[in-house]
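Reader: I would like to learn how to read the surroundings of a bound ligand. Could you take me through it step by step?

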Amino acid sequence: MKKVENPQQGAEHVYQIIKEELENGRLNVLGLATGSTMIPVYNKWTESELDFSNIVTFNLDEYIGIPASSPNSYASFMNEHLFDKKEFRKTNIPDGMAEDLEEECAAYEELLEEYPLDLQLLGVGENGHIAFNEPGTSPDSVTHVAQLTESTLGVNSQYFENDEKIPETALTMGIKSITDAKKLILLAFGEKKRVAITKLLEGNVTSEWPITHLLNHKDVIVITDLEI
Ligand code: GLP
C-alpha cells in the first residue's frame with residue numbers, strides 16, 4: 001500500500017509507475033477507469049510527455065442507454081479528460097447503446113482475450129464495488145450487464161447533467177476480466193472510501209465487498225490518503 005497526502009500525490013505516484021512500465025516496454029494494453037478519482041491522474045498524463053500512441057486501452061464500464069455523445073456517458077468523460085488530449089493506438093469502451101447487449105459483452109470479452117491487460121487502473125465505490133461489479137458479483141464474472149444498487153445510483157446520480165435520468169443498468173467488465181490483468185492499481189481518496197479500504201486491508205475475501213476479490217491477485221498497488 002502506498003500512503004499519500006492527497007489525490008495529487010497519488011496521481012504523481014501513478015505517473016511514475018506508468019512512465020516506468022512504458023519505458024520498460026511492459027505496457028501495451030492499459031485498462032482505464034472513470035470517476036472523479038481518476039481526474040488528477042489523467043490531468044497529470046495529459047500535461048506530460050508520456051507517449052501512448054502504441055497503447056491499446058479498455059475502459060471498465062459504460063451506462064446502458066446513454067448515447068456516447070451525452071455528457072453523462074463514460075465515453076464523454078474519457079474524451080474530455082484524456083482521449084481528446086492524448087493519442088492512443090486504439091481505445092475501447094463497452095457500447096451501452098448496442099442493440100444486443102449480450103453480444104456486446106461477449107465481443108468485449110473476446111477483445112480482452114486477444115489483448116490481455118498489462119495494467120488496470122481502478123477506483124472503488126463507497127459500497128466496495130469495482131467497475132460496476134456490485135456486492136454479490138461472482139469472482140468468476142466476465143463482461144456482463146449489471147444492475148446498479150440504490151447506493152450506487154444515489155452516489156453517481158449527483159454527476160448527471162441536463163436532467164438525464166441515471167440508468168439502472170450498465171455494462172461492466174467482470175471481476176475475472178479485471179483480476180486477469182497482470183498488474184492492478186487501485187486508488188481511493190477521502191473518508192467515503194474508508195469502509196471499503198478497511199475491508200480490503202482486513203484480508204477476508206467476501207462477495208459482499210467486491211473490492212476484497214483483489215486479495216487473490218498477486219500484484220495490486222493500493223494508493224490512498226487514508227490512515228488505516
Ligand atoms: C463508478 C465507476 C467506478 C468508480 C466509482 C468511484 O461507480 N463505475 O469504476 O470506481 O464510480 O467513483 P469516484 O472516483 O467518483 O469516487
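Reader: Which residues are closest to the ligand, and how many surround it?

Author: A residue is counted as near the ligand if one of its heavy atoms lies within 4 Å of it. Here 14 residues surround the ligand, and the closest are S36, T37, D61, H129 and K193. This is a predicted model, in which local features need pLDDT of at least 70 and side-chain atom pairs count only at pLDDT 80 or more, while totals for chains, interfaces and linings use all residues. Residues are numbered from 1 along each chain as its sequence is written, and side-chain values use heavy atoms, with hydrogens and water left out.

Reader: Which classes of residue make up the shell around the ligand?

Author: Ala, Val, Leu, Ile, Met, Phe, Trp, Tyr, Cys and Pro count as nonpolar, Asp, Glu, Lys and Arg as charged, and the others, Gly among them, as polar. The shell has 5 nonpolar, 7 polar and 2 charged residues.

Reader: Where does the ligand have polar contacts with S36, A131 and N156?

Author: A polar contact with the ligand is a pair of N or O atoms within 3.5 Å. An oxygen atom of the ligand lies 2.7 Å from a polar side-chain atom of S36, and a ligand oxygen is 3.1 Å from an N or O atom in the side chain of N156. At A131 the partner is a backbone N or O atom, 3.2 Å from a nitrogen atom of the ligand. Of the 390 Å² of accessible area that the ligand has on its own (Shrake-Rupley method, 1.4 Å probe), the protein covers 92%.

Note on methods. Polar contact = N/O pair within 3.5 Å; in protein donor to acceptor, adjacent residues only side chain to side chain.
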